[in-house]
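Visitor: I'd like a close look at a single part of this one. Could you take me to the ligand site and the helix that lines it, then show me how that helix sits in the rest of the chain?

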Amino acid sequence: MTAASRIVVAISGASGAIYGIRALETIRLRRELELHLVVSSGARATIAYETDRSYEDVVALADVVHDEKDLAAPLASGTFLTGGMLVAPCSIRTMAAIANALDDNLIVRAADVHLKERRKLVLMVRETPLNATHLRLMRELTLAGAVILPPVPGFYQKPKTLMDVVDHSVGKALDQLGVEHALFRRWTGPDRPRVS
Ligand SMILES: Cc1cc2nc3c(=O)[nH]c(=O)nc-3n(C[C@H](O)[C@H](O)[C@H](O)COP(=O)(O)O)c2cc1C
């Protein structure tokens, strides 16, 4: 097991639990990666409201599941090496706690560890519209090294289903973590009529 092969995924209570679930399903295809998962109590509610998966289905996708209250978990320490962390979706509450280093649950503590150890931290912040406080905290997190990656769909790939839209955003997040995937076709330029 190398540091780079350990990936942390956290699901917080913003709308869009499907983003975290899709990330887990995609990372799971890479059997060489060790997948660590933390699910907030808010996310347990959104999983139930928004998806047809049970909490048990979701946690079964991970190799190791940590309780969000367990501040003695390995993820709470910088000595536990990882290849990066994704929070998908990231609520404004969790984003604000990370921005202010309020490390009172394991998602926030693990995110803070990633920032202090200068490791990759990707936050799929989901809220709209955004107020000045949200934008200020996003700026501060960017300066601290986080990647703010809201699930903003692109339409140049002509999505046909809702999952095409989800896959585009999740694929962008996994690109940041260096996780190979086939969630979308990469842009190679517009299809142009052939000139003979
Ligand atoms: C159905 C539902 C949808 C929600 N959607 C959002 C959202 O999109 N963004 C957000 O920041 N909070 C959203 N919330 C509120 C969060 O769940 C709430 O702030 C919670 O305290 C977040 O806790 P956590 O960050 O520990 O998961 C939603 C709550 C519910 C019940």
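**The ligand shell and helix H2**

Guide: Sure, let's start at the ligand: 16 residues surround it, and Gly13, Ala14, Ser40, Gly42 and Ile92 come nearest. Keep in mind that this is a predicted model. By type, the shell around the ligand splits into eight polar, five nonpolar and three charged residues. Two helices, H2 (41–50) and H4 (92–99), each put at least two residues into that shell. H2 is the one to zoom in on, since its five residues are the largest share of the shell.

Now turn H2 and look at what it buries. Ala43, Thr46 and Ile47 are the buried residues there. They span an arc of only 105° around the axis, so they sit on the same side of H2. The general rule helps here: an α-helix has 3.6 residues a turn, so residues three or four places apart point the same way. Flip to the face turned away from that buried side and you'll find Ser41 and Tyr49, both exposed.

What does the buried side of H2 lean on? Its buried residues pack against two strands, E1 (6–11) and E2 (34–39), and two helices, H1 (17–28) and H3 (55–59).

Those two strands take us into the sheet. It is an open sheet of six strands, ordered E3-E2-E1-E4-E5-E6, with parallel pairing. At its edges are E3 (64–66) and E6 (147–148), each of which pairs on one side only. Follow E1 across to E4 (residues 84–90): the two run parallel and are joined by four bridges. For a landmark on E4, look for Leu86, which stands opposite Val9.

Zoom out and the protein chain has seven helices and six strands. Along the sequence they come as β-α-β-α-α-β-β-α-α-β-α-β-α. The radius of gyration of the protein chain is 17 Å, close to the 16 Å that the globule rule gives for 196 residues, so the chain is as compact as a globular protein of that length. Its C-alpha atoms fill a box of roughly 65 × 40 × 35 Å along the principal axes.

Two last numbers put H2 in context. Of the 196 residues in the protein chain, 39% are buried. And if you take the contacts with a separation of 6 or more, 77% of them are between residues 24 or more positions apart.

Notes:
Residues numbered from 1 in each chain as written. Predicted model: local features only at pLDDT ≥ 70, side-chain atom pairs only at ≥ 80, totals over all residues. Near = placed C-beta within 6 Å. Nonpolar A, V, L, I, M, F, W, Y, C, P; charged D, E, K, R; others polar. Buried ≥ 20, exposed ≤ 12 C-beta atoms within 10 Å, placed from the backbone. Arc of directions from axis to C-beta. Contact = placed C-beta atoms within 7 Å. Rg over C-alpha atoms; globule rule 2.2 N^0.38 Å. Pairing = 2+ DSSP bridges.
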